[in-house]
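Student: I would like to learn how to read a two-chain model. Please take me through it feature by feature.

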Amino acid sequence: MAEQAVGCARPTGGPVGEETNSRQTQEQQNVKEEPTMIKVGKKAPDFTAPGYHKGEFISVRLSDYLGKWVLLCFYPGDFTFV
Amino acid sequence: MSIDSQFVHKMWNDHELTKMVEGGIPYPMLSDAGGKVGTVYGVYDEDAGVETRGRFIIDPDGIIQGYEVLTPPVGRNVNETIRQIQAFQLVRESQGGEATPSGWKPGKDTLKPGVNLVGKVWEVWQTRQAFD
């Protein structure tokens, strides 16, 4: 076991010895999926998500916030340093 | 929102963030297991299995007015985000009658776009206003 330096990106692992196969799968997916980047001035994609808020587990739907300003923030993970 | 479960959110809030923010995090901490929402918003990093620092300003009509995405090691500027929201709110309240030039913050001059302003911005706005 080797000690791993801890940065702000969440450390991840992955399967060992399946490199060739998984690459092929990725390439196939790349052909199928055309990545669509979010555009300003366009509708924010609606979603539901479980969450934690002031001591309670809740479920949030973005469209429930219509009529209010919303700041939606993504981050790499809890307990990351930044 | 991150790929962590709501249980981990609770632990992080209760055991660390409450020591940094009185009363804990005041807004919902959302869970996006598998990165499905992050994928739609273009901020899910499949290789790392996490979401990057994406920040979206969504107006009362559900329209995205702005976004910013950073890689993990660099944190955001909260004041700049608030400034942008204040600017978007002003523009919305003026129903497009006013625009906020570079460096605008509350109290500073806005521009009134229109036929009379064409070629005349230099008369009503100086470049130094972008920096002060």
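**Reading the contacts and sheets**

Tutor: Beyond its neighbours within four places in sequence, Met1(B) is in contact with Ala49(A), Leu72(A), Cys73(A), Phe74(A), Leu30(B), Asp32(B) and Val37(B). Two residues are in contact if their C-beta atoms, placed from the backbone, lie within 7 Å. This is a predicted model, in which local features need pLDDT of at least 70 and side-chain atom pairs count only at pLDDT 80 or more, while totals for chains, interfaces and linings use all residues. Residues are numbered from 1 along each chain as its sequence is written, and chains are lettered from A and ligands numbered from 1 in the order in which they are written.

Student: What is the average pLDDT of chain B?

Tutor: pLDDT is the predictor's confidence in each residue, from 0 to 100. Where pLDDT is low, the predicted coordinates should not be read in detail. Chain B averages 95, and 100% of its residues score at least 70. The model has an ipTM of 0.93 and a pTM of 0.86.

Student: Which residues have the most contacts inside the largest nonpolar core?

Tutor: A nonpolar core is a set of buried Ala, Val, Leu, Ile, Met, Phe, Trp, Tyr and Cys residues joined through C-beta atoms within 7 Å. A residue is buried if 20 or more other C-beta atoms lie within 10 Å of its own, exposed if 12 or fewer, and partly exposed in between; the C-beta atoms are placed from the backbone. Here the largest core has 16 residues, and Met1(B), Phe56(B) and Ile58(B) have the most contacts inside it. Two elements, β1 and β4 of chain B, give two or more residues to this core. β4(B) gives the most, with 3 residues. Such elements are DSSP runs, numbered from the N terminus: helices are H or I with at least four residues, strands E with at least two.

Student: How many residues of each chain are in contact with the other chain?

Tutor: The size of an interface is often given as the accessible area lost when the parts come together. Here the description is by contacts: 40 residues of chain A touch 47 residues of chain B. On the chain A side, β1 (48-53), β2 (56-61) and β3 (70-73) each supply at least two residues. The largest share, 5 residues, comes from β1(A). That side divides into 25 nonpolar, 9 polar and 6 charged residues, where Ala, Val, Leu, Ile, Met, Phe, Trp, Tyr, Cys and Pro count as nonpolar, Asp, Glu, Lys and Arg as charged, and the others, Gly among them, as polar.

Student: What is the strand order of the sheet that contains β1(A)?

Tutor: Two strands pair if DSSP finds at least two bridges between them. The order is β2(A)-β1(A)-β1(B), an open sheet of 3 strands with antiparallel pairing. β2 of chain A and β1 of chain B are the edge strands, each pairing on one side only. Between the chains, β1(A) pairs with β1 (residues 29-30) of chain B over 2 bridges: Tyr52(A) has Met29(B) as bridge partner, and Gly51(A) has Leu30(B). Within chain A, 6 bridges join β1(A) to β2(A). In their hairpin, which has 2 residues between the strands, Lys54(A) takes a positive phi near 50 degrees.

Student: Which residues of α1(B) are buried?

Tutor: An α-helix has 3.6 residues a turn, so residues three or four places apart point the same way. The buried residues of α1(B) are Gln6(B), His9(B), Lys10(B) and Trp12(B). These pack against β1 and β2 of chain A together with β1 of chain B. β2(A) is nevertheless hardly covered, with 0 buried residues among its 6.

Student: Which strands stand at the edges of the sheet formed by β3(A), β4(B) and β5(B)?

Tutor: That open sheet has the order β3(A)-β4(B)-β5(B), and its pairing is antiparallel. β3 of chain A and β5 of chain B stand at the edges, each with a single partner strand, so one side of each is left without a neighbour in the sheet. β3(A) and β4(B) pair over 4 bridges, and Leu72(A) has Phe56(B) as its bridge partner in β4(B).

Student: Where is Pro60(B)?

Tutor: Pro60(B) lies in the loop between β4 (53-58) and β5 (64-70) of chain B. Because it has 13 C-beta neighbours inside 10 Å, Pro60(B) counts as partly exposed.
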